Amino acid sequence: MTFRLTALTDPAASPLSRRLAWLAAAPDGTPLGSAFLRLFTSPGQAHLCELTLDVHPAERRRGAGSALLAAAVAAAREDGRGSLLAQAVEGSPGDAFLSARGFERALVLDFGRLDLTATPPGPTPAPTPSSASASASASVAELPPGYRLVSWVGSCPEEWLSAFTRSRTAMDDMPMGDAVFGTVAWDEDRVLAAARAVADRGELLHTVAVLEAATGELVGFSELVLPADRSGDAQHYGTAVQPAHRKRGLARAMKAEAIRWTRAEHPGITGLLTDTAAHNTGMLAVNRALGYRSTHRSVEFRLSLLR
């Protein structure tokens with residue numbers, strides 16, 4: 001099949017990455033597929049890039065996907081990248097496409113959903129007032145002595161900003177298989193920039209954190225993002241606990257509070273989505289205990305660009 005590739009200008013600027021884009025089109029201009037290559041700019045991820053490639057189902061097996069992939073690989077190598085990541089649903093045509101082109105399976109992600117339209121098990125705690133500042137949670141009973149939950153909507157309040165930034169290191173040893181995502185250095189500016197990016201999309205960021213009373217440190221956090229119209233499914237962005245405080249029920253307590261808050265404050269949200277590395281058995285057990293049910297699995301592929 002005859003087609004042409006057109007390089008596009010990506011309007012979605014980001015302080016943490018930049019994107020290249022291509023459109024594959026038929027001679028009459030009909031779009032066939034597209035590819036977006038995200039080039040990470042953080043020092044700890046400068047070796048990485050991430051590909052999103054889509055071809056219309058009716059136009060597959062005609063070379064458009066291979067041409068888009070070749071353009072992305074060439075651009076990544078020209079930029080000095082050492083590794084290219086791409087994701088596909090397990091067993092899908094994308095899985096077969098990447099597997100046949102030298103990509104290695106680096107990580108399997110288990111995707112789950114909690115149905116909020118179902119009757120919650122047991123009594124639901126009384127809702128706490130909404131506030132842009134940190135507030136005590138009603139789920140204290142789920143925590144061991146010496147801890148309490150705090151939560152906020154939107155950007156982290158100044159009161160907690162320094163401690164919350166330090167708490168981000170709880171993600172550093174998250175099980176990620178062979179995906180090699182590099183290291184992400186968090187400072188206060190990056191924390192605030194991430195929250196602004198969510199707000200700029202019209203979405204709502206809700207954060208629950210665990211405070212250790214003896215030290216005043218935040219030793220864990222869980223983030224949830226609600227869609228702009230506050231309806232349908234919301235997405236968990238990350239839940240992590242500092243190593244010294246794990247296996248005490250803190251992750252479950254934070255997620256339980258996020259569930260309670262969503263039910264009380266945003267009844268238009270019908271489900272909560274989460275994705276977890278398939279070998280992260282601890283977090284998978286937390287999700288199952290809270291009622292999340294697996295919907296599908298996705299494979300994170302890696303292609304070495306080193307010759």
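**Figure 1. Contacts across the whole chain of this predicted model.** Let us start with the wide picture: of the contacts in the protein with a separation of 6 or more, 66% join residues 24 or more positions apart. The protein has six helices and 13 strands. Of its 307 residues, 44% are buried. The views that follow visit the cores, two helix pairs and a few single residues.

**Figure 2. The largest nonpolar core, with 28 residues.** Good residues to find here are W22, L37, L84 and F103, which have the most contacts inside this core. Helices and strands both contribute: β2 (17-25), β3 (31-40), β4 (48-55), α1 (64-78), β5 (83-89), α2 (93-99) and β13 (293-304) each supply at least two residues. Helix α1 gives the most, with eight residues. As a general background, nonpolar side chains tend to be buried together in soluble globular proteins. Elsewhere there is a second, separate core of 27 residues, and L116, L204, A256 and L272 are included in it.

**Figure 3. L84 and the residues it touches.** This view stays with a residue from the largest core and looks at its surroundings. Setting aside residues up to four places away in sequence, L84 touches L37, C49, E50, L51, L69 and V73, among others. Its list of partners also includes F103, F301, R302, L303 and L305. L37 and F103 may look familiar: together with W22 and L84, they have the most contacts inside the largest core.

**Figure 4. A67 in helix α1, with F3 and L5.** Helix α1 is the setting for A67. Along the chain, A67 and L5 are 62 residues apart, yet their C-alpha atoms are separated by 7.9 Å. When residues up to four places away in sequence are not counted, A67 touches F3 and L5.

**Figure 5. Helices α3 and α4 where they cross.** Here the reader can follow helix α3 (residues 158-167) past helix α4 (residues 188-200). Their axes come within 9 Å and cross at roughly 100°. Because an angle from 65 to 115 degrees counts as roughly perpendicular, α3 is roughly perpendicular to α4. On the α3 side, L161, S162, F164 and T165 take part, and they meet E188, V191 and L192 in α4. The residues of this contact divide into four nonpolar, two polar and one charged.

**Figure 6. L161 and T165, a closer look at the α3 side.** Which residues of α4 does L161 in α3 meet? Leaving aside neighbours within four places in sequence, L161 is in contact with E188, V191 and L192, and also with C156. The C-alpha atoms of L161 and E188 are separated by 6.8 Å, with their positions 27 residues apart along the chain. L161 has a relative accessible area of 3%, so it is buried. T165 is also in helix α3, and its 10% relative accessibility means that T165 counts as buried. T165 touches W186, D187, E188 and V191, not counting residues up to four places away in sequence. The C-alpha atoms of T165 and D189 are 9.3 Å from each other, and these two residues are 24 apart along the chain.

**Figure 7. Helices α5 and α6, an oblique pair.** Two packed helices are described by the angle between their axes and the distance between the axes. For helix α5 (residues 250-265) and helix α6 (residues 281-289), the axes cross at roughly 40° and come within 10 Å. That angle makes α5 oblique to α6. The crossing of the two helices is right-handed. A251, R252 and K255 of α5 make the contact with M283, V286, N287 and A289 of α6. Four nonpolar, one polar and two charged residues make up this contact.

**Figure 8. R61 and K247, two loop residues with positive phi.** What is the phi of R61, a residue other than glycine? Its value is positive, near 65°. R61 sits in the loop between β4 and α1, and at 87% relative accessibility R61 counts as exposed. K247 is not a glycine either, and has a positive phi of about 65°. Look for K247 in the loop between β11 (232-241) and α5. At 89% relative accessibility, K247 counts as exposed.

Terms used. Residues are numbered from 1 along each chain as its sequence is written. This is a predicted model: local features need pLDDT of at least 70, side-chain atom pairs count only at pLDDT 80 or more; totals for chains, interfaces and linings use all residues. Side-chain values use heavy atoms; hydrogens and water are left out. Axes are lines fitted to C-alpha atoms, for helices over the stretch in contact, and angles run from 0 to 180 degrees between N-to-C directions. Helices (H or I, at least four residues) and strands (E, at least two) are DSSP runs, numbered from the N terminus. Angles under 35 degrees count as roughly parallel, over 145 as roughly antiparallel, 65 to 115 as roughly perpendicular and the rest as oblique. A crossing is left-handed if the near helix is turned anticlockwise from the far one by less than a right angle, and right-handed if clockwise. Contact means heavy atoms within 4.5 Å. Ala, Val, Leu, Ile, Met, Phe, Trp, Tyr, Cys and Pro count as nonpolar, Asp, Glu, Lys and Arg as charged, and the others, Gly among them, as polar. A nonpolar core is a set of buried Ala, Val, Leu, Ile, Met, Phe, Trp, Tyr and Cys residues joined through side-chain atoms within 4.5 Å. Buried means under 20% relative accessible area, exposed over 50%, partly exposed in between (1.4 Å probe, protein chains only).
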